[in-house]
Amino acid sequence: MYIKKYNCKIMITQKKMTVPIFDYKLTIVIFDKWDEVSHLFDGGPEPKAITATRYGAALVAVNSKRGSSIVHEAEHIKNAIWSYIGYTPQRDNDEADAYLLTYIYNKITDVFYRHDRAAR
């Protein structure tokens with residue numbers, strides 16, 4: 001489910017999901033202006049993207065003009081999932097790492113491009 005919120009030509013696109021197998025909650029938010037999502041985080045300067053994690057859940061917010069930050073945030077989420085399930089990545093067999101990172105990256109980019117299409 002995608003949620004689009006319009007307010008004075010400002011828009012966010014959001015999707016809530018659960019990462020299969022790991023039962024890990026993930027909320028993805030693409031924003032145009034930091035003011036739209038800053039209340040969800042602990043303040044600080046405006047980031048290109050940001051991820052907040054807690055036990056069993058992550059909230060990722062990406063600026064709609066900073067798609068290059070998606071893989072960076074996907075890495076944080078992947079590591080949070082490994083911590084959540086108690087898995088230690090294998091240095092010489094990183095296939096599980098790569099597959100999970102790709103899955104998360106694809107989910108975030110799906111929302112990112114949906115936001116971009118809606119903004120046109």
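**Exercise 1. Decide whether Asp23 is buried, partly exposed or exposed, and describe its backbone.**

Solution. Asp23 has a relative accessible area of 47% and is therefore partly exposed, given that buried means under 20% relative accessible area, exposed over 50%, and partly exposed in between (1.4 Å probe, protein chains only). This is a predicted model, in which local features need pLDDT of at least 70 and side-chain atom pairs count only at pLDDT 80 or more, while totals for chains, interfaces and linings use all residues. Residues are numbered from 1 along each chain as its sequence is written, and side-chain values use heavy atoms, with hydrogens and water left out. Asp23 sits in the loop between strand 2 and strand 3, where helices (H or I, at least four residues) and strands (E, at least two) are DSSP runs numbered from the N terminus. Its phi is near 50°, a positive value in a residue other than glycine. Most residues other than glycine have a negative phi.

**Exercise 2. Find where Ile21 lies and state how exposed it is.**

Solution. Ile21 belongs to the loop between strand 2 (10-19) and strand 3 (24-31). With a relative accessible area of 82%, Ile21 is exposed, and its phi, near 75°, is positive although the residue is not glycine.

**Exercise 3. Describe the surroundings of Lys78.**

Solution. Begin with the location: Lys78 is part of helix 1 (residues 70-85), and it is buried, because its relative accessible area is 3%. Next, leaving aside neighbours within four places in sequence, Lys78 is in contact (heavy atoms within 4.5 Å) with Asp97, Leu100, Leu101 and Ile104.

**Exercise 4. Work out how helix 1 and helix 2 are arranged.**

Solution. Two packed helices are described by the angle between their axes and the distance between the axes. Helix 1 and helix 2 (residues 95-119) pack at an angle of about 130°, with their axes 9 Å apart; axes are lines fitted to C-alpha atoms, for helices over the stretch in contact, and angles run from 0 to 180 degrees between N-to-C directions. The two helices are therefore oblique to each other, since angles under 35 degrees count as roughly parallel, over 145 as roughly antiparallel, 65 to 115 as roughly perpendicular and the rest as oblique. Among the residues that meet are Ile70, Lys78 and Trp82 in helix 1, and Asp97, Leu100 and Phe112 in helix 2.

**Exercise 5. State how far apart Arg66 and Lys48 are in sequence and in space.**

Solution. Arg66 lies in the loop between strand 5 (57-63) and helix 1. Arg66 and Lys48 are 18 residues apart in sequence and 5.9 Å apart in space, C-alpha to C-alpha.
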